[in-house]
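I am keeping these notes as I go through a single protein model, beginning with the overall fold and then turning to local details. The entries follow the order in which I looked things up.

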Amino acid sequence: MTAMIDDLLPDLIALRRDLHAHPELAFEERRTSGMVAAALREAGLEVHEGIGGTGVVGVLRRGRSDRMIGLRADMDALPILEQGDRAHISRFPGRHHACGHDGHTAMLLGAARHLARDESLEGCVAFIFQPAEEGRGGAREMVREGLFERFPCEAVFAVHNWPDLPLGVASTRPGPIMAAADRFDIVVRGRGGHAAQPHNTPDVVLAASELVAQLHTIVARRVPPAENAVLSVTRISGGQSHNVLPAAVELTGTVRSFNVAVQDTIEKAVRDVAAGVARASGSTIDVEYTRYYPATTNSAAHAQLALEAARCAGLEAQTAAAPAFTSEDFAFMLQERPGAYLWLGQRGAANPAPLHHPSYDFNDDALAFGVRWFVAVARLALLCTDSSSKR
């Protein structure tokens, strides 16, 4: 399969670097989606635009079978100022492809181009180019707008570059592969007053400090030891002067977990702890708790298929020992259809930066592996007699 895609790589590298130089944020991927749609049309695919805002789906139909497999790539960048001196550095300060979605888009376009010229394929492939993965739930919006009613995929697959793994290695696992992501925003309110007269007002700074300490006991004391979860307070703000007790302090944080029962336990505990601190301090505490991404959960059969496809693509395929606590909105698609999410190693000597780092850049040497994996997973899934198997 290597030689079969070699002719595609120069154009894919140029495309990837062009996308990197012109990053677009969530639901603003108009240039990117336009380029994707044009490339799919040029390859002869049926193209559907504007799904979930700026999402694009290209459909390839081959032979007499109407069985359909979905392959997904995300397109959006992050609101980060890029650092570095590479020729294709972002031309837009404050926007940066710091998660490699430019690479994902290029890989899936490469797979579409290759499969479009392969007459031996039997079945249908939906190439799903999704907006707004970075915290805005573009996958959820595509599903809400009838993605799988319009394109009835039996299964759906996605890949993410993974700097923790060396180039040439791929990894996934049955069950959870990425965590559910929740956010809490808390406001501790008092009346405010003079710092020299703390007896006249609830001290919201002290209450907020106690709240932070108690929140960080929840996982250790409320969640069963056999379960995995993380709670982190990530922001605290309040007050403007050294001699004034503020009227309010704000807290923000995140919770990561892998099943709904643990989510329920933690959310209830956050609210209970806040209520207890409010009573003890005489303050008022308002809690807003948002579950924005569910856990990304692979079906066992499709995780195995993804690993077999990795071996077919020339990768060293590994079963991941544990899921990651990062989150991924591909979870919304896996709630609707069985499938799998794969980590593709991209660590090389040239760019050791992790995901979401200001100096991160996608490793173009991973493009060929990604194209070959997408091609292999589509072929294997369409050959399976039971690719609709449930989790």
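Entry 1, contacts. I began with the contacts between residues at least 6 apart in sequence, and found that 81% of them join residues at least 24 apart. I note here that the model is a predicted one, and that I am reading computed values throughout.

Entry 2, overall form. I counted the secondary structure next, and the protein has 12 helices and 16 strands. For the dimensions, I took the C-alpha trace along its principal axes, where the span is about 80 × 45 × 40 Å. I then asked what radius of gyration the protein has beside that of a compact globule. The value for the protein is 23 Å, and because a compact globule with 391 residues would have a radius of gyration near 21 Å, the two agree.

Entry 3, surface and burial. I looked up the accessible surface of the protein, which comes to about 16,200 Å², with 51% of that area belonging to carbon and sulfur atoms. On the burial side, 55% of the 391 residues are buried.

Entry 4, largest pocket. I turned to the largest pocket, which holds about 530 Å³ of space. The lining consists of 26 residues, and those closest to the centre of the pocket are Cys 99, Glu 133, Glu 134, Ser 327 and His 356. Two elements, β5 (155–166) and β13 (284–293), are the ones that give two or more residues to this lining, and the largest share, 4 residues, comes from β5. I also sorted the lining residues by character, and they divide into 14 nonpolar, 5 polar and 7 charged.

Entry 5, backbone angles. I went on to the sign of phi, bearing in mind that most residues other than glycine have a negative phi. Phe 27, although not a glycine, has a positive phi of about 65 degrees, and I located Phe 27 in the loop between α2 (9–21) and α3 (30–42). Ala 132 is likewise not a glycine and has a positive phi, in this case of about 55 degrees, and I placed Ala 132 in the loop between β4 (123–130) and α5 (138–144).

Entry 6, accessibility of these two residues. Is Ala 132 buried or exposed? Its relative accessible area is 0%, so Ala 132 is buried. For Phe 27 the relative accessibility is 22%, and Phe 27 therefore counts as partly exposed, given that buried means under 20% and exposed means over 50%.

Methods: Residues are numbered from 1 along each chain as its sequence is written. This is a predicted model: local features need pLDDT of at least 70, side-chain atom pairs count only at pLDDT 80 or more; totals for chains, interfaces and linings use all residues. Side-chain values use heavy atoms; hydrogens and water are left out. On a 1 Å grid over the protein atoms alone, a cavity is a set of points where a 1.4 Å probe fits but cannot get out, and a pocket is an open set with protein on both sides within 12 Å along at least five of seven lines; lining residues have an atom within 4 Å of a point. Grid points are joined across faces, edges and corners, and a volume is the space filled by probe spheres set on the points. Ala, Val, Leu, Ile, Met, Phe, Trp, Tyr, Cys and Pro count as nonpolar, Asp, Glu, Lys and Arg as charged, and the others, Gly among them, as polar. Buried means under 20% relative accessible area, exposed over 50%, partly exposed in between (1.4 Å probe, protein chains only). The radius of gyration is taken over C-alpha atoms; the globule rule is 2.2 Å times the number of residues to the power 0.38. Contact means heavy atoms within 4.5 Å. Accessible areas come from the Shrake-Rupley method with a 1.4 Å probe; for residues, only the protein chains shown count as cover.
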